[in-house]
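Hi,

Here is the structure I promised to pass on. Have a look at it first, and then read my notes underneath.

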Amino acid sequence: MDTNNLRYFAAVAQYGSITQAAKAMYISQPQLSHIIKQLEKEMGLTLFRRTSQGTRLTLDGQRILAHSKVILREMDQLQHLSSARKQDCGCLNVSMTRFSHTAECFNEICRRYQDADSFSNHLCEASTLDVISQVKNGYSNVGVVHIATLKGKDLEAYFSQQGLHYIPLAAFSPYVCLSADHELIQRFGRKGIQLQELQDYGFVRYIGQYEDFIYHISTEKGLIDLNDTRKVIYVNDRQEQMALLSRTNFFTVGIMEFLGQDSLYKVVSVPLLGCSEHLRFGVILREGAMLSRMENDFIQLLRERYARLQAENVPSAS
């Protein structure tokens with residue numbers, strides 16, 4: 001059982017509404033409904049009654065909620081103890097949403113300190129919600145997330161409520177990532193591709209990141225949810241994603257190319273045209289957190305890299 005689903009369940013119980021819980025947890029309402037239904041199916045129990053006044057716990061739901069709170073509290077404490085032990089040895093503990101530019105910064109800091117006497121470093125790639133949870137609970141000392149500009153103010157307020165400090169890095173217009181030999185590249189070149197040109201091709205996305213803002217694109221014609229694409233391919237990691245994109249006519253959405261993307265994988269990134277959305281990247285820390293020298297160096301490297309990328313970014317055009 002995924003303990004993160006227990007967090008979603010507890011949120012619905014707290015707010016008494018799937019819609020309100022979805023907003024608070026930064027996940028789509030249909031996906032949260034799906035998670036609750038799957039949880040009920042997995043347990044063989046009805047956890048909620050749906051009424052005109054909202055969503056109410058059944059007796060079984062009340063019992064499961066009591067156990068869930070214990071499990072979640074113990075998991076949080078376990079993560080905190082693990083993080084504290086690593087901090088004693090000196091560390092670079094990072095949770096991040098899946099972007100290669102961030103991972104390359106982590107790798108560079110590890111390279112710089114490779115001859116140190118000892119250290120304990122940890123990198124976890126996860127959804128935005130998981131990154132927030134891991135930093136809040138002390139599992140990671142530094143979090144790196146991306147935020148849609150339209151949701152940025154709400155999410156920054158959420159960070160503050162959770163006792164987290166947000167450091168902005170940069171903002172980018174979205175890019176389409178696809179094979180260098182893709183027929184759309186042959187037709188339009190690398191100046192950019194309109195979103196409607198992608199509707200007949202498979203969309204590659206990461207498993208579990210239902211609330212990822214990059215899948216909900218604001219365009220001149222309104223909001224487009226890429227999760228509703230007719231052909232969707234779910235993958236676990238970047239290596240799988242790149243291998244799939246290089247050998248098919250599928251696509252995904254991200255930002256500018258990372259180092260070696262074209263030469264290593266024959267996958268390119270071109271501007272997504274007609275898109276009014278921008279993605280902001282930032283660092284989250286616990287208020288008052290004591291960071292290691294490696295972690296401070298990592299944040300400085302992130303600042304430099306993302307500032308350089310932003311200066312090179314080509315805005316989307318109609």
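Below is what I found, starting with the sheet and ending with the N-terminal helix. Keep in mind that this is a predicted model.

The sheet is an open one: 5 strands, in the order β4-β3-β5-β15-β6, with mixed pairing. At the edges sit β4 (120–125) and β6 (164–172), each of which pairs on one side only. Going from one strand to the next, the twist averages 20°.

If you want a place to zoom in, try β5 (residues 142–148) and β15 (residues 279–286). These two run antiparallel and pair over 6 bridges. Within that pairing, Val145 stands opposite Gly282 in β15.

Now for the helices that go with the sheet. Helix α6 (residues 128–136) packs on it and touches β3 (91–96), β4, β5, β6 and β15. The direction of α6 makes about 145° with that of β5. Helix α11 (residues 293–312) lies across β3, β4, β5, β6 and β15 as well, and it runs at about 30° to β6.

Last, helix α1 (residues 3–15). It has 13 residues and spans 19 Å from first C-alpha to last, close to the 18 Å expected at 1.5 Å a residue. So which residues of α1 are buried? The list is Asn4, Asn5, Leu6, Arg7, Tyr8, Phe9, Ala10, Ala11 and Val12. Right after α1 comes Gly16, with a positive phi near 65°.

Cheers

Conventions: Residues numbered from 1 in each chain as written. Predicted model: local features only at pLDDT ≥ 70, side-chain atom pairs only at ≥ 80, totals over all residues. Heavy atoms only, no water. Pairing = 2+ DSSP bridges. Helix = DSSP H or I, 4+ residues; strand = E, 2+ residues; numbered from the N terminus. Axes fitted to C-alpha atoms, helices over the stretch in contact; angles between N-to-C directions. Contact = heavy atoms within 4.5 Å. Expected span 1.5 Å × (residues − 1). Buried < 20%, exposed > 50% of the residue type's maximum accessible area, 1.4 Å probe, protein only.
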